[in-house]
Amino acid sequence: VFPAILCLLAAGTRSGGFGWVSLATSQGAFPHQWTVFSELPFQAVGFVTFVLSGLILLGYPPFDTAFSAPELPGGVLGKLTAVQSLWMRFGRFYAAFFWNLIAVIVYLGAWRLPDFLENILGGPTSFSVSVVQAMLLVVKTQILMLIETWVSVSNPKLRSNQVTDFCWKVLGPAPIACLLGAVLYVVVLG
C-alpha cells in the first residue's frame, strides 16, 4: 500500500491537488494529455508501480502466493462453503475493480470527454454527458482489468521470496524516485 500512496502523491503533485476533480481536470480527453503520458517521465513509472502494487495487494496471479493451492493445502478458499467462496470472489472482483477505477481516474484521463463531444451531447452539465462519462470510466476500467488478466495468466507464478524481493527492490525505491522526480520537476520547471 505504501508504494501506491507515494504514486498517488506524485500524481497529485502534477495536478496541483489531491481531490478527484483536480486529478481528473488536470488531464485531457486524449491519451497524450493523460497523466501517464504527461511531460513528467516519472508518472509512467508511478502508474506501473500503482497497478503492480494493486495486483500484489489483491493477490492476482502471478503474485498470488498467499492464495495459491501449493502454498496451503486446498488454498485459502479450500475451507469455505460455496456461498462463502462466492462472496469471497465477488469481493476480490470489486476490490480489483475499485483499484483499477482509481488508476483510471488518476492516470488514464478519468471521465474526460473531448469538448466537441460534450457540446454535441448538450453541454458539460447535461445528463447525457454524465451518462457517457460514467460509461467511459467503466469501459476504461474494464479494459485495464482485461489487460491485467491477460498479463497475469500469461506469466509464470512467482514464489513467495520472489514477490518479496520484487516488493523490496522495485516497488520500494520506484515510487520514492517518482515522487522526488515529480516534486523536483514541479519546483524547478513549474
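The charged side chains of the protein chain comprise 9 positive and 7 negative ones, and the centres of these two sets lie 9 Å apart. This placement, like everything that follows, is read from a predicted model. The surface on which a reader might look for such groups amounts to about 10600 Å² of exposed area, and carbon and sulfur atoms supply 74% of that area.

Turning to the fold, the protein chain contains 8 helices and 0 strands, so that the pattern read along the sequence is simply α-α-α-α-α-α-α-α. The C-alpha trace spans about 55 × 40 × 25 Å along its principal axes. Of the 190 residues in the protein chain, 40% are buried. Among contacts with a separation of 6 or more, 75% are accounted for by residues 24 or more positions apart.

Helix 8 shows how buried and exposed residues can be arranged around one element. Helix 8 runs over residues 173-189, and at 1.5 Å a residue its 17 residues should span 24 Å, which agrees with the 24 Å between its end C-alpha atoms. Its buried residues are Ala174, Pro175, Cys178, Leu179, Gly181 and Ala182. Because these residues cover an arc of only 165 degrees around the axis, they fall on the same side of helix 8. What covers them includes helix 1, residues 2-15, and helix 3, residues 42-58. On the other side of helix 8, by contrast, Leu180, Leu184, Val187 and Val188 are exposed.

Two loop residues on either side of helix 4 deserve a separate look. Leucine 80 belongs to the loop between helix 3 and helix 4, where it is partly exposed, because its relative accessible area of 32% lies above the 20% under which a residue counts as buried and does not pass the 50% over which a residue counts as exposed. When residues up to four places away in sequence are not counted, Leucine 80 touches Ser85 and Met88.

Alanine 110 lies in the loop between helix 4, residues 82-107, and helix 5, residues 115-120. Most residues other than glycine have a negative phi. Alanine 110, although it is not a glycine, has a positive phi of about 50 degrees. This residue is also buried, since its relative accessible area is 0%, whereas Leucine 80, in the loop before helix 4, is partly exposed.

How values were computed. Residues are numbered from 1 along each chain as its sequence is written. This is a predicted model: local features need pLDDT of at least 70, side-chain atom pairs count only at pLDDT 80 or more; totals for chains, interfaces and linings use all residues. Side-chain values use heavy atoms; hydrogens and water are left out. Helices (H or I, at least four residues) and strands (E, at least two) are DSSP runs, numbered from the N terminus. Buried means under 20% relative accessible area, exposed over 50%, partly exposed in between (1.4 Å probe, protein chains only). Contact means heavy atoms within 4.5 Å. Accessible areas come from the Shrake-Rupley method with a 1.4 Å probe; for residues, only the protein chains shown count as cover. Lys and Arg count as positive and Asp and Glu as negative; His and the chain ends are not counted. The place of a charge is taken as NZ of Lys, CZ of Arg, CG of Asp or CD of Glu. The expected span of a helix is 1.5 Å times one less than its number of residues. The arc is that of the directions from the helix axis to the C-beta atoms.
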